[in-house]
Amino acid sequence: MYGQVQEFSRFYSRISCVTVKVNSISSSGRCGYSAWTFRKGDELSILLVQIMLCMQAVRRLAECLFTSVFSNGVIHPIQYCWGLVYYVLVGLTVHCEGPILGIKAYTIGDLFAQGRWYHAAGIMLFLWATIHHYRSHVILASLRKNKMGEVIHFKHAIPYGDWFEMVSCPHYLAELLIYLAISVTFEGRHLTWWFVILYVFFAHAVMAVLCHEFYVKKFDNYPKTRKAFIPFIF
């Protein structure tokens, strides 16, 4: 298990570094072009999204180190490399539309003055989804731990609680909502980001269906009303 924790933690440590670095380079004015009409608040949107992406990467690293219990599987080299490339592209996608930061100085007062309803809505959706994303990983990890928090086995079991009562893969659903929260923070005007959301939706939908089918085949008493990915739909 130590080897798995070490492998996944190395992966997310690199992801965290890549995310922070790409955001810092992009916001310094070396990336970006105008693809929408600037509005007051767009600079704050970019800044908030940068913070969200960095928080997501660092949190996943912390979960790998202190929460998750991995099985004997390993990350395929292609998947590992794609993960690094993907997060570089995500960071660049944020800045491919809208204003370029780093060309003038902003005070805290300037940024607060740009606050709009969609900033508050995006932040609330991001935090709500992040909480449930974390809870899902805690529940999954608890299936392999005793009450003292010690790992006792690596077997699969039926998870219960929180969004697991509705879907088999709430962590995928929560991550999709995190990406939607970023779109809300952009007021939905960042058109390129919608392609990222489509990619996340279809990729996670496939993984959720495969996971759901595994649960159904393995456990005869698996809840019949539980869907794979989207509550009450599929």
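**A seven-helix chain at a glance**

Let's start on the outside: Trp82, Val85, Leu89, Leu92 and Tyr199 make a nonpolar surface patch of about 430 Å². This is a predicted model, where local features need pLDDT of at least 70 and side-chain atom pairs count only at pLDDT 80 or more, while totals for chains, interfaces and linings use all residues. Residues are numbered from 1 along each chain as its sequence is written, and side-chain values use heavy atoms, with hydrogens and water left out.

**The overall build**
- The protein chain has seven helices and zero strands; helices (H or I, at least four residues) and strands (E, at least two) are DSSP runs, numbered from the N terminus.
- Buried residues make up 46% of the 234 residues in the protein chain; buried means under 20% relative accessible area, exposed over 50%, and partly exposed in between (1.4 Å probe, protein chains only).

**The nonpolar patch**
- Patch members have over 30% relative accessible area and no salt bridge, and nonpolar side chains (Val, Leu, Ile, Met, Phe, Trp, Tyr) are joined within 5 Å.
- A salt bridge here is a side-chain nitrogen of Lys or Arg within 4 Å of a carboxyl oxygen of Asp or Glu.
- Helix 3 (residues 77–95) gives the most to this patch, with four residues.
- Residues three or four places apart on an α-helix point the same way, because there are 3.6 residues a turn.
- Tyr199 sits in helix 7 (residues 191–218), and it counts as partly exposed because its relative accessibility is 37%.

**Helix 6**
- The 16 residues of helix 6 (residues 170–185) should span 22 Å at 1.5 Å a residue, and the end C-alpha atoms are 22 Å apart, so the two agree; the expected span is 1.5 Å times one less than the number of residues.
- Helix 6 is mostly covered, with 14 of its 16 residues buried.
- After helix 6 comes Glu187, whose phi is positive, near 65°.

**The space inside**
- There is one cavity of 30 Å³ or more; on a 1 Å grid over the protein atoms alone, a cavity is a set of points where a 1.4 Å probe fits but cannot get out.
- The largest cavity holds about 50 Å³ of space, and its lining includes Met52, Tyr87 and Ile178; lining residues have an atom within 4 Å of a point.
- Helix 2 (42–66) and helix 6 are the elements that give two or more residues to that lining.

**Tyr106**
- Tyr106 lies in the loop between helix 3 and helix 4 (108–113).
- Tyr106 and Glu43 are 63 residues apart in sequence and 9.4 Å apart in space, C-alpha to C-alpha.

Methods: Patch = residues over 30% accessible without salt bridge, like charges linked within 9 Å, V, L, I, M, F, W, Y side chains within 5 Å. Areas by Shrake-Rupley, 256 points an atom, 1.4 Å probe, with all protein chains shown as cover. 1 Å grid on protein atoms, 1.4 Å probe; cavity = no way out; pocket = protein on both sides within 12 Å on 5 of 7 lines; lining within 4 Å. Points joined across faces, edges and corners; volume = space filled by probe spheres on them.
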